[in-house]
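Here's a friendly tour for anyone meeting this molecule for the first time. Have a look around, and then we'll talk about charged pairs and the core.

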Amino acid sequence: MANDFKRFTKPNVTTSTGTSADALYTVPSSGTAMESIIIGIYLSNTTGTGITGSVFLDAYGGASGDIYVVKDATVPAGSSLEVISGGKLVVQGDGTNNDVVRISSSTASSLDVTVSVLEDV
């Protein structure tokens, strides 16, 4: 089992929310159970006005496990927000069904997002 550090990005996030929000990261399907650790998520406002951003965990076990990691967090104009500061978020899958980290913005095409992940732990 190899541990791999990876980075994923999502530019121009949409305004869709919850399970319809933009997929930022999906735990890979490997045929066996797998866990990944989210090390950091950065929300970057690319506009000249304040916006809000949300990070949603679409849990593979069904709606009862779905949660917001952060909901409607303010991101000032031309600025960024570190969502997971010093903490970690474990995401997982059973080999077929997998957690998905989703992102949404209050204003379309105004938010870019980066996530850093340690996979296959």
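A salt bridge here is a side-chain nitrogen of Lys or Arg that sits within 4 Å of a carboxyl oxygen of Asp or Glu. Keep in mind that this is a predicted model. With that in hand, take Arg102 and Asp58: their side chains meet in a salt bridge, 2.9 Å from N to O. This pair ties together distant parts of the chain, with Arg102 in strand E8 and Asp58 in strand E4, 44 residues apart. Arg102 is buried at 15% relative accessible area, and Asp58 is buried at 15% too.

How many salt bridges does a search of the whole structure find? The search turns up three, and here they are:

| Pair | Closest N and O atoms |
|---|---|
| Glu119 and Lys6 | 3.0 Å |
| Arg102 and Asp58 | 2.9 Å |
| Asp72 and Lys71 | 3.4 Å |

The Glu119–Lys6 bridge also links distant parts of the chain: Glu119 belongs to strand E9 and Lys6 to strand E1, 113 residues apart. Glu119 is buried at 6% relative accessible area, while Lys6 counts as partly exposed at 37%. As for Asp72, it is partly exposed, with 44% relative accessibility.

Now for the greasy part. The largest nonpolar core has 21 residues, and Ile38, Ile41 and Val101 have the most contacts inside it. Strands E2, E3, E4, E7, E8 and E9 each chip in at least two residues of this core. Leaving aside residues up to four places away in sequence, Val101 touches a whole crowd, including Leu24, Ile38, Ile41, Phe56 and Val91.

Key:
Residues numbered from 1 in each chain as written. Predicted model: local features only at pLDDT ≥ 70, side-chain atom pairs only at ≥ 80, totals over all residues. Heavy atoms only, no water. Core = buried A, V, L, I, M, F, W, Y, C linked by side-chain atoms within 4.5 Å. Buried < 20%, exposed > 50% of the residue type's maximum accessible area, 1.4 Å probe, protein only. Helix = DSSP H or I, 4+ residues; strand = E, 2+ residues; numbered from the N terminus. Contact = heavy atoms within 4.5 Å.
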